[in-house]
Amino acid sequence: MAGEMAYIGTDRVISSTNKITSFSHCGQCMDELPEDQSPREWAQLEVGFTDIGIQIWCKRHERNVMHVDFQGQKHPASF
Ligand SMILES: [Zn+2]
C-alpha cells in the first residue's frame, strides 16, 4: 500500500507511516479542549514550509505553534 512505502534517505529509511511519538498542539486549544473531543478531533493546525524551515500554525487562534529553522540545511524526507 502507498501509505507503507518508505523513502531511502542518505543513510537510513524514512517511514511514510505515522511514527509520531510526541504530538504538537496549540496550548490555547488544549486549554479550551471540549470534554467530548480528543486533541486530534479538536486541532485546527496547518503545517507548511517557510523561508527558513517548517511551521505549525493554529488556524483557530491564528498563532504559531512551532517554527523550526533548518539553518540552511536540507534534510531527507518522505512524501
Ligand atoms: Zn489554538
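How many of the seven residues of β5 are buried? The number is zero, so strand β5 lies largely in the open.

## Overall organisation

The model described here is predicted, and its secondary structure comes to two helices and five strands. Read from the N terminus, these elements follow the order β-β-α-α-β-β-β. Of the 79 residues of the protein, 3% count as buried. Among the contacts with a separation of 6 or more, 30% are made by residues that are 24 or more positions apart.

## The three-stranded sheet

Three strands make up an open sheet, arranged in the order β3-β4-β5 and paired in the antiparallel sense. Because β3 and β5 stand at the edges and each has a single partner strand, one side of each is left without a neighbour in the sheet. Neighbouring strands of this sheet are turned against each other by 15° on average, with direction ignored. As a general point, the side chains of a regular strand alternate between the two faces of the sheet.

The edge strand β3, residues 45-49, is hardly covered, since the count of buried residues among its five residues is zero. For β5, the number of buried residues among its seven is likewise zero.

## The two hairpins

Strand β3 pairs with β4, residues 53-58, in the antiparallel sense over five bridges, and the two strands form a hairpin with three residues between them. Within this pairing, Leu45 has Cys58 of β4 as its bridge partner.

On the other side of the pairing scheme, β4 and β5 are joined in the antiparallel sense over six bridges, with Ile54 standing opposite Val68 in β5. These two strands also form a hairpin, here with four residues between them, and the turn contains Glu62.

## Trp57 in strand β4

Which residues does Trp57 contact, leaving aside its neighbours within four places in sequence? They are Leu45, Glu46, Asn64 and Val65. Of these, Leu45 is the residue whose bridge partner in β4 is Cys58. Trp57 itself is found in strand β4, the strand that stands between β3 and β5 in the order of the sheet.

Is Trp57 buried, partly exposed or exposed? Trp57 is partly exposed, because 18 other C-beta atoms lie within 10 Å, while a residue counts as buried at 20 or more. A further spatial relation involves His25, which is 32 residues away along the chain from Trp57, with the two C-alpha atoms separated by 9.5 Å.

## Leu33 between the helices

Leu33 has its place in the loop between α1, residues 27-31, and α2, residues 39-42. When residues up to four places away in sequence are not counted, Leu33 touches Pro39 and Trp42, and both of these positions fall within the range 39-42 given for α2. Leu33 and Ala43 are ten residues apart in sequence, and their C-alpha atoms are 9.0 Å apart in space.

With 14 other C-beta atoms within 10 Å, Leu33 is partly exposed, because the exposed class ends at 12 or fewer and the buried class begins at 20 or more.

## Two residues with positive phi

Most residues other than glycine have a negative phi. Against this background, where in the protein is Glu62 found? Glu62 is in the loop between β4 and β5, the latter spanning residues 63-69, and its phi is positive, at about 50°, although Glu62 is not a glycine. Glu62 is exposed, with 7 other C-beta atoms within 10 Å.

Gln71 is a further residue other than glycine with a positive phi, near 50°, and it is found in the segment after β5. Gln71 is exposed as well, because 7 other C-beta atoms lie within 10 Å and the cut-off for this class is 12 or fewer. The C-alpha atom of Gln71 is separated by 6.8 Å from that of Ile52, although the two residues are 19 residues apart along the chain.

Key:
Residues numbered from 1 in each chain as written. Predicted model: local features only at pLDDT ≥ 70, side-chain atom pairs only at ≥ 80, totals over all residues. Pairing = 2+ DSSP bridges. Contact = placed C-beta atoms within 7 Å. Axes fitted to C-alpha atoms, helices over the stretch in contact; angles between N-to-C directions.
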